[in-house]
Amino acid sequence: MVFRIKQTHWLYVGLSIFSLCLAFTITPVKASPPVTTTPVLAASQPGNGLEQGRNFYQSGRFAEAVTVWQTAAQQYQNQGDRINQALSLSYLSLVQQELNQWPAAQQSIEQSLKLLQTAKPSADAIIWAQVLNTQANLQLHTGKVETALESWQQAQKYYEQAGDKMGSLGTQINQAQALQSLGFYRRSKQQLEKLTQELGAMPDSEIKISGLRSLGSTLQMIGDFSKSQQVLEQSLAVARQLETTPHLSSILLSLGKTAVNLQDPEAALDNFEQAEQVATNPGDQLQSRLAQFKLFLDYDKLELAAPLAPQLLQQLKELPPSYNSLYAAINFVATLNQLQDPDKILPLQDQAQLLATTVKSAQQIQDAPAQAYALHQWAKLYRRTQQLSQAQELAHKSLKIARQLHADDIIAQSAWQVGQLYKQQGDRAAAITAYTEAVTALKALRGDLVAVNPDVQFSFRESVEPVYRELVGLLLDNQPSQSALVQARELIESLQIAELDNFFREACLDRTQQIDQVDATATIVYPIILPDRLAVIVSQAGQPLRYYVTPKAQADIEQTLDQLLVALNPVSDAKDRQRFSQEIYDWLIRPAEVDQAFKDTKTLVFVLDGRLRNIPIAALYDGQQYLIEKYAVALSPGLQLMAARSLQQNQMVAIVGGISESRAGFSALPAVESEVKQISQAVSSSTLLNQKFTSQALADRVKSSKADIVHLATHGQFSSRLEDTFLLTWDGQVNVKELSELLQNRGGNSSKAIELLVLSACDTAAGDDRAVLGLAGLAVKSGARSTIATLWPVKDQAAAMLMTRFYEQLRQPKITKAEALRQAQINLIRQTDFREPFFWSAFVLVGNWL
């Protein structure tokens with residue numbers, strides 16, 4: 001978990017973050033912090049109340065700042081000073097946002113704006129700028145992104161009118177964030193690049209340091225870690241040149257966090273150690289040590305973490321109660337709570353005592369969210385020591401506070417914990433109720449979860465995914481009812497949505513129609529890997545759901561899946577390949593076939609779970625033939641399918657692009673040239689080959705053409721990391737977000753959506769067991785109704801052959817995309833030398849199969 005600390009210039013606060021790479025499960029979910037204006041005093045009348053409030057705010061004593069600014073606003077009202085009253089209310093809104101008091105923050109900023117509009121004499125431009133900045137900050141937090149963008153644009157004009165260069169730059173950084181949230185990735189990137197150049201050209205100053213640091217943090221939040229590192233290093237160089245000590249620690253902490261994201265732990269540790277050495281106050285020093293502590297534990301260096309623990313405990317005890325000190329303590333225990341044996345690092349008694357003190361301190365400074373988080377971690381400790389009644393009491397207290405706050409992030413965590421405790425005590429009905437409340441809260445959080453800095457997000461694999469899976473497991477215990485099966489299916493689809501949201505760090509498309517209602521001849525198969533079994537739900541239009549289960553440990557299931565992947569290599573033993581393939585067939589397909597569940601089925605659509613996504617389902621073997629020889633096969637994340645519309649075979653128009661030459665360190669793809677040529681002969685096409693295949697040329701062609709197919713034969717990579725999912729154009733890599741924006745560049749008109757996106761020669765990231773997430777993400781985000789891609793690189797000649805046959809089939813009357821792909825794959829099996837599954841089963845169809 002990461003928290004923000006305001007480190008301020010007299011007028012401006014840089015977007016600085018409590019820069020620890022801690023993805024804890026108790027994160028207060030907030031939108032990624034925009035650049036905010038530091039509460040500054042109106043030039044006309046300083047006033048002790050405003051000054052005192054600012055001091056409280058800067059030291060993280062938010063509850064006290066609220067009280068002081070409320071009093072100041074009342075005093076200014078009594079004096080008839082509308083401008084300073086408006087300023088006080090703006091500051092009050094800012095601190096209320098920090099405390100998650102959204103309705104109160106909204107009321108305060110609305111009052112502030114009304115006062116400014118009626119103030120005589122009129123308020124200075126700088127005051128208007130600050131109030132609008134606060135308003136935009138609130139609008140972004142509450143999901144009104146377009147309005148926030150407009151408010152920041154207004155604020156920028158006022159800052160420029162006031163001659164405040166740094167304020168203007170800060171609002172432009174915020175606008176780039178808003179553009180990202182709206183899906184305008186290329187516009188956002190262009191704005192950030194322009195700001196980088198502008199800041200780079202400025203003379204060295206503290207303002208330049210703050211601006212570069214803020215820009216680096218913003219780039220970090222949107223996942224551009226390499227660029228973030230460059231900008232933060234510029235900021236560090238200027239700070240060292242000017243010997244500006246106060247900035248060094250926060251910059252080094254941000255650099256350390258970036259290094260963690262770039263998977264460079266040695267550089268991260270070096271930055272964290274330097275940050276500790278140059279820290280000018282105990283708070284910064286504590287942050288640096290906590291960052292090192294978390295890094296050691298992440299890389300299983302317990303011998304290095306253990307000596308730090310008592311030092312951190314002592315420091316935490318000595319800090320006076322404040323927002324920052326409370327969350328530092330909670331984070332510290334949360335880190336330990338993630339270990340198997342945390343008492344090896346620090347006695348559980350010491351951890352419990354620290355949390356008890358933290359709960360009292362939170363009550364003292366009226367920080368209810370911190371109190372709820374601390375109670376949640378405290379309950380975890382009791383559960384660990386099997387003191388279940390005490391754990392349940394604390395968990396319920398945490399949940400009660402969370403409900404009073406309407407804080408979905410805390411509800412999700414605490415309700416999950418309550419559910420786990422009920423489950424442990426054998427109360428299945430109460431456990432399902434609690435788990436359902438946790439899932440409902442997670443769904444409500446979508447807009448917030450995906451907007452936050454990646455470091456402040458829930459750790460998805462640790463605290464989101466298990467909630468869904470454990471509830472599915474409870475629902476599918478024994479002989480599940482139809483209602484339980486329906487709920488379990490809905491949960492699996494919701495989990496897919498949540499996983500893609502987490503991948504993109506923003507909300508993806510919502511499902512608007514149940515996918516088994518799209519095609520009466522399709523059967524939907526939902527395999528679900530649970531710790532002790534493989535469950536399969538089968539869904540057909542107008543039929544009750546069917547349920548099949550294979551008792552088998554998750555580790556054994558995943559081992560067999562991995563063995564099949566290895567055996568798919570043509571040089572492997574064919575008997576091994578058939579054995580593993582047939583075993584998986586027996587889990588997923590045979591029970592339903594025996595039950596005649598697939599009678600009259602033409603297409604099997606799989607909503608795959610976990611490691612199953614890496615498996616070429618078409619290559620499953622029944623002992624006589626492959627699955628693809630019996631049914632067309634498609635994959636779906638279970639998300640929104642656009643209107644079920646088949647391609648007009650006689651009117652197909654394609655944009656075909658690709659790179660056949662070696663480029664940017666990637667090897668040549670000599671067969672791409674013939675692939676592009678053959679597809680152009682099969683389908684009316686415009687081509688972009690080699691030098692002509694630039695990102696801008698593709699964008700222009702997509703925008704101006706009425707093409708319903710986009711076929712791209714070039715290097716690319718799918719990964720579970722957003723920043724490692726890209727496509728190669730002649731002028732560089734286009735990341736998945738930019739590519740999806742580019743492909744949707746048709747005025748937002750869904751009737752003009754691309755019918756079929758084909759990504760030939762792409763690859764899944766080596767060693768990434770969730771790499772196919774990047775493929776599913778691109779398939780959904782591109783807006784294309786259907787996507788065909790490869791799970792691994794296929795021999796050029798085989799790919800060209802399969803693709804040519806696919807387009808030939810696609811031109812046949814009344815054929816679906818899934819059936820066209822099936823016929824092309826069968827052709828390779830039966831009529832070519834590429835009969836091994838390695839050559840044809842890598843091609844998968846994701847999305848609408850019609």
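## Close-up views of the predicted model

**View A. Val359 and its contacts.** Setting aside residues within four places in sequence, Val359 is in contact with Gln371, Ala374, Leu375 and Trp378. Please keep in mind for this and every other view that the model is predicted. Val359 itself belongs to helix 17, which covers residues 348-364. Is Val359 buried or exposed? With a relative accessibility of 7%, Val359 falls under the 20% cut-off and so counts as buried. Tyr373 makes a handy landmark here: 14 residues separate Val359 and Tyr373 along the chain, and their C-alpha atoms are 8.8 Å apart.

**View B. The whole protein chain, as a backdrop for the close-ups.** Before zooming in again, here is the wider setting. The protein chain has 850 residues, and 62% of them count as buried. Its secondary structure consists of 35 helices and 15 strands. How much of the contact network joins residues at least 24 apart? Among contacts between residues at least 6 apart in sequence, the share is 70%. The accessible surface adds up to about 32100 Å², and carbon and sulfur atoms account for 47% of that area.

**View C. Helix 7, residues 165-181, from its start to its end.** A quick geometry check works nicely on this helix. The 17 residues of helix 7 should span 24 Å at 1.5 Å a residue, because the expected span uses one less than the number of residues. The C-alpha atoms at the two ends are 25 Å apart, which agrees with that estimate. At the start of helix 7, look for Asp164: one of its side-chain oxygens comes to within 3.2 Å of the backbone nitrogen of Met166. As for its surroundings, helix 7 is mostly covered, with 15 of its 17 residues buried.

**View D. Strand 10 and the strands that pair with it.** Strand 10 takes in residues 709-718, and 9 of these 10 residues are buried, so the strand is largely enclosed by the rest of the structure. Which strands pair with strand 10 in the parallel sense? Strand 8 (residues 653-658) does so over 5 bridges, and strand 13 (residues 756-764) is joined to strand 10 by 8 bridges, also in parallel. Good places to start are Gly657, which stands opposite Leu712 of strand 10, and Val710, whose bridge partner in strand 13 is Leu757. Strand 11 (residues 726-729) runs antiparallel to strand 10, and 2 bridges join them. On that side, Gly716 stands opposite Leu727 of strand 11. When following the side chains in this view, it helps to recall that in a regular strand they alternate between the two faces of the sheet.

**View E. Aromatic pairs and a ring cluster.** How many aromatic pairs does a search of the whole structure find? The search gives 15. In one of them, the ring centres of Tyr621 and Tyr626 are 5.2 Å apart and the planes meet at 55°, so the pair is tilted; the angle stays below the edge-to-face range because that begins over 60 degrees. Tyr621 is buried, at 11% relative accessible area, and Tyr626 is buried too, at 14%. Phe806 and Tyr807 also have their centres 5.2 Å apart, but with 65° between the planes their pair is edge-to-face. Both Phe806 and Tyr807 are buried. Elsewhere, Tyr57, Phe62, Trp69 and Tyr91 are linked by ring pairs into a cluster.

**View F. Arg611 and its polar contact with Glu558.** Arg611 sits in the loop between strand 6 (603-606) and strand 7 (632-635). Although it is a loop residue, Arg611 has a relative accessible area of 17% and is therefore buried. What does the side chain of Arg611 make a polar contact with? The partner is the side chain of Glu558, at 3.2 Å.

**View G. Pro544, an exposed loop residue.** Look for Pro544 in the loop that connects strand 4 (533-540) and strand 5 (546-551). Its relative accessibility is 52%, and because the cut-off for exposed is over 50%, Pro544 counts as exposed. Which residues does Pro544 touch, leaving out those up to four places away in sequence? They are Gln482 and Val538. Gln482 is 62 residues away from Pro544 in sequence, yet their C-alpha atoms are 7.2 Å apart in space.

Conventions. Residues numbered from 1 in each chain as written. Predicted model: local features only at pLDDT ≥ 70, side-chain atom pairs only at ≥ 80, totals over all residues. Heavy atoms only, no water. Helix = DSSP H or I, 4+ residues; strand = E, 2+ residues; numbered from the N terminus. Buried < 20%, exposed > 50% of the residue type's maximum accessible area, 1.4 Å probe, protein only. Polar contact = N/O pair within 3.5 Å; in protein donor to acceptor, adjacent residues only side chain to side chain. Contact = heavy atoms within 4.5 Å. Areas by Shrake-Rupley, 256 points an atom, 1.4 Å probe, with all protein chains shown as cover. Pairing = 2+ DSSP bridges. Phe/Tyr/Trp six-rings, centres within 6.5 Å; stacked < 30°, edge-to-face > 60°.
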